[in-house]
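Let's take a walk through this fold, one piece at a time. Keep the model open and turn it as we go.

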Amino acid sequence: MANSRQGEKKDGGFARLKQALTDGTPECVYIFYGEESYLREFYLGELRRKLVPSGCEEFNYHALEGKSLTVQALSEMAEAMPMMSERTMIVVTDYDLFGLAEEQREKLIALLGDVPPYCCIVFVYDLLTYKPNRVQKKLCAAIAAAASEVEFRPAENSDLVDWIARRFRALGKGIDRQTAEYLIFTCGGLMTGLVPEITKIGTYARGKNITAQDIDAVADPVLSAEVFRLTDAVLKGEYDGAARLLGNLLKMQTEPLLILGVLGDQMRRIYTARMAIDSGRDKRWLMEIWNYRSDYPVKLLLTAARRTNLGWCADAVKMCQAADYRLKSGRSSDGAEELKLLLARLGAQH
């Protein structure tokens, strides 16, 4: 059975995993969760390479779907002795540990307390969200004693910039920090989404170094980047451009309510940026409020906020809230028209 790790720090599970791989001593039970699936898959692969020798996978490596899995079947597989290997590995995807019936839950508690030392079970939360239910105290205690919970979070900005540079170097390209920041802003901060974009951009770019123009030419921007450009166009008085951006989003069949949600969030961010300017607060205040990992988006927010005033920002937030209420309450059934009307009102007020 794995050693107790009650009170483990939030990042402790990830640090323990890395150390265990370095030392060659992976634990018996892991719970992998978090939004950075690229890192999750990478470390699943590292675990597999460490535990199961090449050519011995048939008897020693098992991948299971959690939806119809019983604890009995998992226990039998865990007890199976390794063949031509010191250990076995079982990966169970989307097994709702806290959604089991009482009988299955009791059996799981017993299994967690007696996992054979030669077996490593990894519970992977992919489509499901890992939400420990503190009401289930016995199961929580069993997990705390037997399992190492590993959260795969988005990388810190400086680490992500360095990782982007390494990926482009592997393609024979260079990229400076500012352009890497622009790529993160445009395509999001998850490695999972950045990998294909880096490949596309690196293949497209003709120059030695990647430029913002290369990114704009072939990258698929995330919704938050497109909505920022839309609001920025409104604040610049470029209403035709804002309407064109909205039209493109709608043509791509982006859900109007989703666009409205991101638009409302963006207006609140611009509002707080205008508050920061008027009250003499610096960018660090905004970074703390919105949990930004980099000052790059904060600089963009402050630039946008300087084009307007606090009154317009407050009105814009209220207009987004009113539109959201009309759609969710059923008072308006046409989301696309509601967005177009909102955009016209934002332009008329500015």
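**Two crossing helices, then the sheet**

Start with helix H8 (residues 177-187) and helix H11 (residues 223-235), whose axes come within 6 Å and cross at roughly 95 degrees. H8 and H11 are therefore roughly perpendicular to each other. On the H8 side the contact is made by Tyr182, Phe185 and Thr186, and on the H11 side by Ala225, Phe228 and Arg229. Sorted by class, the contact of H8 with H11 has 4 nonpolar, 1 polar and 1 charged residues. Do bear in mind, here and below, that this is a predicted model.

Now swing over to the sheet. How many strands does the open sheet have, and in what order? There are 5 strands, in the order S2-S3-S4-S1-S5, and the pairing is parallel. Strand S2 (61-65) and strand S5 (148-151) sit at the edges, and each has a single partner strand, so one side of each is left without a neighbour in the sheet. On average, neighbouring strands of this sheet are turned by 20 degrees against each other, direction ignored.

Let's settle on strand S3, which covers residues 88-93. To one side, S3 pairs with S2 in the parallel sense over 5 bridges, with Glu65 standing opposite Thr93 of S3. S3 also runs parallel to strand S4 (residues 119-124), joined to S4 by 6 bridges. One pairing to pick out there is Val92 with its bridge partner Phe123 in S4. Helix H4 (residues 71-79) packs on the sheet as well, touching S2, S3 and S4, and the direction of H4 makes about 160 degrees with that of S3.

Is S3 enclosed or open to the outside? Here 6 of the 6 residues of S3 are buried, so S3 is largely enclosed by the rest of the structure. In a regular strand the side chains alternate between the two faces of the sheet. You can follow that pattern along S3: Thr88, Ile90 and Val92 point one way, Met89, Val91 and Thr93 point the other way, and all are buried.

Zoom in on Thr88, in strand S3. Why does Thr88 count as buried? Its relative accessible area is 3%, and the cut-off for buried is under 20%. Leaving out residues up to four places away in sequence, Thr88 touches Asn60, Ala80, Met81, Pro82, Tyr118, Cys119 and Cys120.

Step back along the chain to Ser85, in the loop between H4 and S3. Ser85 is buried too, with a relative accessible area of 15%. The side chain of Ser85 reaches the backbone oxygen of Arg87 at 3.0 Å. Beyond its neighbours within four places in sequence, Ser85 is in contact with Leu51, Val52, Pro53 and Asn60. Val52 is 33 residues away along the chain, yet the C-alpha atoms of Ser85 and Val52 are separated by 6.6 Å.

For a contrast, finish at Arg49, which is found in helix H2 (residues 37-51). Arg49 is exposed, with a relative accessible area of 55%. The side chain of Arg49 makes a polar contact with the side chain of Glu46, at 2.5 Å. Arg49 and Leu21 are 28 residues apart in sequence, while the distance in space is 9.8 Å, C-alpha to C-alpha.

Note on methods. Residues numbered from 1 in each chain as written. Predicted model: local features only at pLDDT ≥ 70, side-chain atom pairs only at ≥ 80, totals over all residues. Heavy atoms only, no water. Helix = DSSP H or I, 4+ residues; strand = E, 2+ residues; numbered from the N terminus. Buried < 20%, exposed > 50% of the residue type's maximum accessible area, 1.4 Å probe, protein only. Contact = heavy atoms within 4.5 Å. Pairing = 2+ DSSP bridges. Axes fitted to C-alpha atoms, helices over the stretch in contact; angles between N-to-C directions. Polar contact = N/O pair within 3.5 Å; in protein donor to acceptor, adjacent residues only side chain to side chain. Parallel < 35°, antiparallel > 145°, perpendicular 65-115°, else oblique. Nonpolar A, V, L, I, M, F, W, Y, C, P; charged D, E, K, R; others polar.
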